[in-house]
Amino acid sequence: MKTSIRNVRSTDLAAVVEIDKALFGAESFPSFSMRQFINLFPESFYVAEQDGVMVGYATIGVNAFSSDAWLLSAGVIEPYQNRGIGTDLLASCDDYCKKMPVETCRLTTDPDNAGAIRLYGRFGFQVENEILDYYAPGDRKVIMVKSYIH
Ligand SMILES: CC(C)(COP(=O)(O)OP(=O)(O)OC[C@H]1O[C@@H](n2cnc3c(N)ncnc32)[C@H](O)[C@@H]1OP(=O)(O)O)[C@@H](O)C(=O)NCCC(=O)NCCS
């Protein structure tokens, strides 16, 4: 099966929201936030398709004033995990940061999400710190950071 990575289109909203819900449940983005990400960051919002079916996405937002970026979300639906699709999506985000004037990129993940932490580590992200009550009381998140300054 052939996987392709392309930039998001405005017509992808429903499919991306569905993937996000399936992956993150109560922590998924409401449709209006996803619409805003698509509006704001179409050049750095990537979707993965397998034989024409959307199976994952990843999006980066860059602060135009500070050149600091955040990986806002990334995910691949379960039957398609462990096939290199997350790596391909991350590679697109990484290439984007390299070609833009990005100085640092940060992301959050759950401390027990070992697979995601390994994936990000392979792209040069390192654990910066761990913060309690990050999105809500009792919610602990790991912050990972990669510097693009050489
Ligand atoms: C984290 C996530 C995005 C990774 O996506 P993925 O497509 O599974 O990532 P990859 O396939 O590129 O890599 C995952 C593993 O599969 C391995 N792999 C890659 N291609 C492979 C292949 N063809 N055959 C077998 N294994 C393969 C990778 O080496 C990696 O191994 P590791 O777990 O030992 O490190 C995905 O698991 C996911 O969406 N999880 C739920 C949501 C989530 O946690 N998102 C991140 C929030 S911060």
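In the predicted model, helix α1, spanning residues 13-24, lies across three strands, namely β2 (45-50), β3 (53-62) and β4. The helix runs at about 90 degrees to β3.

These strands belong to an open sheet of seven strands, in which the order is β1-β2-β3-β4-β5-β7-β6 and the pairing is mixed. The edges of the sheet are formed by β1 (3-7) and β6 (126-131), each of which pairs on one side only. From one strand to the next, the twist averages 25 degrees. Strands of a sheet pair through backbone hydrogen bonds, in either a parallel or an antiparallel arrangement. Within the sheet described here, the parallel sense is adopted by strand β4 (residues 68-76) and strand β5 (residues 104-109), which pair over three bridges. For D68, the bridge partner in β5 is T104.

Strand β4 also contributes to the surroundings of the ligand: β4, α3 (85-99) and α4 (114-122) each supply at least two residues of the shell. The largest share, four residues, is provided by α4. In total, 17 residues are found around the ligand, and those that come nearest are G75, Q81, G84, G86 and T87. Classified by residue type, the shell around the ligand comprises six nonpolar, nine polar and two charged residues.

Key:
Residues numbered from 1 in each chain as written. Predicted model: local features only at pLDDT ≥ 70, side-chain atom pairs only at ≥ 80, totals over all residues. Pairing = 2+ DSSP bridges. Axes fitted to C-alpha atoms, helices over the stretch in contact; angles between N-to-C directions. Contact = placed C-beta atoms within 7 Å. Near = placed C-beta within 6 Å. Nonpolar A, V, L, I, M, F, W, Y, C, P; charged D, E, K, R; others polar.
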